[in-house]
Amino acid sequence: MTATGAAPGRKLTRNQSLVLDALHASGGPASAYDLLDRLRDEGLRNPLQIYRALNALIPRGLVHRLESLNAFVACAHPHEHGDGEGHDHGLIAFAICGDCHRVEEFSDPDITRLLAGWAAAHAFQPDHTILELRGTCGLCREGQ
Ligand SMILES: [Zn+2]
Ligand SMILES: [Zn+2]
């Protein structure tokens, strides 16, 4: 898994690349403090440096925030998020396994349409839509 250079559009700063690479390397959700731990050797000492990088990566669709875990994941397929500037993000859905903490990112045009229909009917303007499914993944269920 190579993350460096995978970003479309504008170049990332060194800290942004470090944070994105660390997220890819973690293979699952990581908190800002997990990232800080991983990047201490790279000279990042301040949580603010992590948050600043994350706040730049999230609107570009390269990183998503998992609200329920208060953690971050690298986008599984940033090329599907439009122009890399976050304009075309639509619905993002995550299935989060409580056992192995594997996170599967997916999107579904039918769900997107349903939610957009609900929002239109209620004159609600969503900024972003994140769906989180918590449960047990197929691999863990097989092992049970
Ligand atoms: Zn994504
Ligand atoms: Zn699992």
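User: Two strands pair if DSSP finds at least two bridges between them; what makes strand β1 and strand β2 a pair?

Analyst: In this predicted model, strand β1 covers residues 63–66 and strand β2 covers residues 71–74, and 4 bridges join them in the antiparallel sense, so the requirement of at least two bridges is met. Both are named as strands because each is a DSSP run of type E with at least two residues, numbered from the N terminus. Within this pair, Val 73 of β2 is the residue opposite His 64.

User: What lies between β1 and β2 in the hairpin?

Analyst: The hairpin has 4 residues between its two strands, and in that turn Asn 70 has a positive phi of about 50°.

User: How do you know that β3 and β4 pair, and in which sense do they run?

Analyst: Strand β3, residues 91–97, is joined to β4 by 4 bridges, and the two run antiparallel, so this pair also satisfies the rule. One of the positions can be followed residue by residue, since Phe 94 has Glu 105 in β4 as its bridge partner.

User: What is the strand order of the open sheet?

Analyst: The open sheet has 3 strands in the order β4-β3-β5, and its pairing is mixed.

User: Why are β4 and β5 called edge strands?

Analyst: The name fits β4 (103–106) and β5 (129–135) in that each pairs on one side only.

User: On what basis are residues named and features reported?

Analyst: Residues are numbered from 1 along each chain as its sequence is written, with chains lettered from A and ligands numbered from 1 in the order written. Local features need pLDDT of at least 70 and side-chain atom pairs pLDDT 80 or more, while totals for chains, interfaces and linings use all residues, and side-chain values use heavy atoms, without hydrogens and water.
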